[in-house]
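Please open the structure in your viewer and keep the sequence panel visible. The tour below proposes one selection after another and states what is found at each stop.

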Amino acid sequence: MEFELGYMTALVIIGISFLGFFLTMMISEISRKKGVIFFIMSLILFGLGVYSYYVVGQWQKAEGGPSYNKLNEFIGL
């Protein structure tokens with residue numbers, strides 16, 4: 001169960017970063033400088049989400065648990 005919770009947390013972080021990208025597009029219409037700052041923050045959040053997804057995948061692989069996650073098969077985790 002802990003693997004699923006880790007995967008869901010990582011995907012929620014990635015989803016929030018996509019909301020940040022959409023917010024960046026709206027803010028950049030008003031202020032270019034703030035838009036760039038929000039874009040960089042969204043990129044950092046996206047990177048943290050992808051990294052946490054990778055770490056959970058490696059943790060599941062080290063524990064030897066079965067992987068029912070089709071996304072892991074596609075990306076080779």
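Select Leu-45 to begin. Leu-45 counts as partly exposed because its relative accessibility is 29%, a class that lies between buried (under 20% relative accessible area) and exposed (over 50%), computed with a 1.4 Å probe on protein chains only. Leu-45 belongs to helix α2; helices here are DSSP runs of H or I with at least four residues, strands are runs of E with at least two, and both are numbered from the N terminus. Now add Ile-13 to the selection: 32 residues separate Leu-45 from Ile-13 in sequence, yet their C-alpha atoms are 7.0 Å apart in space. Apart from neighbours within four places in sequence, Leu-45 touches Ile-13, Ile-16 and Ser-17, where contact means heavy atoms within 4.5 Å.

A word on the model itself is due here. This is a predicted model, in which local features need pLDDT of at least 70 and side-chain atom pairs count only at pLDDT 80 or more, while totals for chains, interfaces and linings use all residues. Residues are numbered from 1 along each chain as its sequence is written, and side-chain values use heavy atoms, with hydrogens and water left out.

Next, select Ser-17, one of the contacts of Leu-45. Is Ser-17 buried or exposed? With a relative accessibility of 0%, Ser-17 counts as buried. Ser-17 sits in helix α1, and beyond its neighbours within four places in sequence it is in contact with Ser-42, Leu-45 and Phe-46.

Move along helix α1 to Thr-24. Thr-24 is buried as well, at 7% relative accessibility. Its contacts, again leaving aside neighbours within four places in sequence, are Gly-35, Phe-38, Phe-39 and Ser-42.

From Thr-24, go across to Gly-35, which lies in helix α2, residues 32–63. Gly-35 is buried, with a relative accessible area of 4%. Which residues does Gly-35 contact, leaving aside its neighbours within four places in sequence? They are Thr-24, Ile-27 and Ser-28. Selecting Met-25 together with Gly-35 shows two C-alpha atoms separated by 7.0 Å, for residues 10 positions apart along the chain.

Now display helix α1 (residues 2–30) and helix α2 as a pair. Two packed helices are described by the angle between their axes and the distance between the axes. Here the angle is about 165° and the axes are 8 Å apart; the axes are lines fitted to C-alpha atoms over the stretch in contact, and angles run from 0 to 180 degrees between N-to-C directions. Helix α1 is therefore roughly antiparallel to α2, a term for angles over 145 degrees. The residues of this contact comprise 21 nonpolar, 11 polar and 4 charged.

For the last single residue, select Leu-5, also in helix α1. Leu-5 is exposed, at 58% relative accessibility. The C-alpha atoms of Leu-5 and Val-56 are 9.5 Å apart, although their positions lie 51 residues apart in sequence.

Finally, show the whole protein. How many helices and strands are there? There are 3 helices and 0 strands, in the order α-α-α from the N terminus. Of the 77 residues, 26% count as buried. Among contacts with a separation of 6 or more, 55% join residues 24 or more positions apart.

Terms used. Parallel < 35°, antiparallel > 145°, perpendicular 65-115°, else oblique. Nonpolar A, V, L, I, M, F, W, Y, C, P; charged D, E, K, R; others polar.
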